[in-house]
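Reader: Please take a close look at a single part of this model, the sheet and what packs around it. A connected account would serve better than a list.

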Amino acid sequence: MENPSTSGCPYAPGTSAALAPGSEPVRRIAIAGKGGSGKTTISGTLARIIARRGRTVWAIDADSTPNLGLTLGLPREELGGLQPLPRTLLVEGTDAEGKRKLALGHPPSEVVRAHGRLTPDGIPLLLMGSVGHAGAG
Amino acid sequence: MCRAHAGVRHLLGGLLNEEEEVVVVVDMEAGLEHLSRGTGRGVDTLLVVLEPYYKALETARRATELGRELGIGRVLGIGNKLRGDEDREAVRAYAASHEIPLVGEIPFDEEVLRADRAGRPPIDTPEAPAVQAIGALATALGFPP
């Protein structure tokens with residue numbers, strides 16, 4: 001559906017009624033695409049724009065070649081020193097049906113405060129680490 | 001599922017459970033390896049990047065299907081690196097034929113390449129067309145200026 005105010009503009013953004021009125025607010029965004037598709041540029045820039053518009057934003061790099069930090073404004077020489085979230089944050093508990101289940105041992109906000117690397121727009125960055133090279137776990 | 005995969009999934013799932021009014025942005029692998037049926041429900045919006053060439057579009061289509069299988073409520077497309085009307089129409093036609101609603105269209109932008117080469121973030125050039133388009137994307141997602 002064409003927005004009349006932007007029709008004719010070759011790069012008219014958001015031309016479909018993607019977010020129906022009354023739909024749930026957007027809070028947990030995952031961005032996926034082919035390597036080199038610009039996924040990380042979009043993720044980092046979107047996160048910073050949302051933060052600059054006054055919202056609290058967390059950024060999570062779950063890519064196997066993590067470089068979201070650069071787009072978020074970390075100096076290149078700091079990227080190598082970033083550590084993935086330690087698996088020791090997970091504790092074993094039981095769910096409602098009594099099944100054993102791993103869960104964070106602390107509230108997410110505490111984990112983010114302790115392990116997030118704060119980036120220039122106030123966005124903490126967390127690295128998930130690669131599933132492909134995680135070894136025996 | 002091996003323990004390492006499960007660990008990453010549980011960590012991400014735990015972070016997505018935050019109850020405060022926090023916006024979480026996750027840069028994912030195309031195969032959504034970090035999500036499972038359980039943690040996928042913690043994501044309310046999956047954005048798939050559609051570049052106007054076949055392999056990228058196919059990857060985006062598979063990510064769209066995976067996202068839906070994982071129970072993500074909203075799967076939306078973003079056209080990226082669009083060099084003009086032909087690219088835009090190609091992405092729109094593909095998205096329409098696979099029922100992927102488009103929420104944003106980002107032009108090809110030399111400035112993004114220059115920033116990449118120089119190792120600086122694109123947002124340092126806020127007037128760049130791609131950055132402007134990502135601003136419009138933020139607005140479309142419910143984060144107006």
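Author: In this predicted model, eight strands make up an open sheet, and their order is β5(A)-β6(A)-β2(A)-β1(B)-β1(A)-β2(B)-β3(B)-β4(B), with mixed pairing. The edges are taken by β5 (117–118) of chain A and β4 (102–107) of chain B; each has a single partner strand, so one side of each is left without a neighbour in the sheet.

The strands of the two chains alternate in the middle of that order, as β2(A)-β1(B)-β1(A)-β2(B). Take β1(B), residues 22–27, to begin with. β1(B) runs parallel to β1(A), and four bridges join the two. β1(B) is also parallel to β2(A), here with six bridges. One residue of β1(B) can be followed to both sides: Val24(B) is the bridge partner of Arg28(A), and Val24(B) is also the bridge partner of Trp58(A). Five of the six residues of β1(B) are buried, so that the strand is mostly covered.

Next in the order comes β1(A) with its other partner, β2(B). These two strands run parallel as well and are joined by four bridges. Within this pair, Ile31(A) stands opposite Leu47(B) of β2(B). On the sheet packs α6(B), which touches β3 and β4 of chain B, and the direction of α6(B) makes about 170° with that of β4(B). As a general point on strands, in a regular one the side chains alternate between the two faces of the sheet.

α6(B), residues 129–140, also meets a helix of the other chain: its axis and that of α1(A) come within 9 Å and cross at roughly 60°. The crossing is right-handed. From α1(A) the contact draws on Ile42(A), Thr45(A), Leu46(A), Ile49(A) and Ile50(A), and from α6(B) on Val131(B), Ile134(B), Gly135(B), Leu137(B) and Ala138(B). Sorted by class, the residues of this helix contact are eight nonpolar, two polar and no charged. The spacing of such contact residues can be read against the helix repeat: an α-helix has 3.6 residues a turn, so residues three or four places apart point the same way.

These pairings belong to a wider contact between the chains, to which chain A contributes 68 residues and chain B 76 residues. On the side of chain A that touches chain B, the elements giving two or more residues are β1, α1 (39–52), β2 (56–61), α2 (68–72), β4 (100–104) and α4 (108–115) of chain A. Of these, α1(A) gives the most, with twelve residues. That side of chain A comprises 37 nonpolar, 19 polar and twelve charged residues.

Another helix tied to the sheet is α3(B), residues 54–69. Its 16 residues, at 1.5 Å a residue, should span 22 Å, and its end C-alpha atoms are 23 Å apart, which agrees. The buried residues of α3(B) include Ala56(B), Leu57(B), Thr59(B), Ala60(B) and Ala63(B), together with Thr64(B), Leu66(B) and Gly67(B). Their cover includes β1 of chain A as well as β2 (45–50), β3 (74–82) and α4 (85–97) of chain B. Just after the helix, Gly71(B) takes a positive phi of about 85°.

Chain B as a whole has six helices and four strands, which run α-β-α-β-α-β-α-β-α-α from the N terminus on. Its C-alpha trace spans about 45 × 35 × 30 Å along the principal axes. Of its 145 residues, 57% count as buried. Of the contacts in chain B between residues at least 6 apart in sequence, 63% join residues at least 24 apart.

One last residue lies outside the strands. Gly22(A) is in the segment before β1 (28–32) of chain A. Gly22(A) counts as exposed because it has 5 C-beta neighbours inside 10 Å, the cut-off for exposed being 12 or fewer. Its C-alpha atom is separated by 32 Å from that of Thr71(A), 49 residues apart from it along the chain.

Definitions and conventions: Residues numbered from 1 in each chain as written. Chains lettered and ligands numbered in written order. Predicted model: local features only at pLDDT ≥ 70, side-chain atom pairs only at ≥ 80, totals over all residues. Buried ≥ 20, exposed ≤ 12 C-beta atoms within 10 Å, placed from the backbone. Contact = placed C-beta atoms within 7 Å. Nonpolar A, V, L, I, M, F, W, Y, C, P; charged D, E, K, R; others polar. Pairing = 2+ DSSP bridges. Axes fitted to C-alpha atoms, helices over the stretch in contact; angles between N-to-C directions. Left-handed = near helix turned anticlockwise from the far one by under 90°. Expected span 1.5 Å × (residues − 1).
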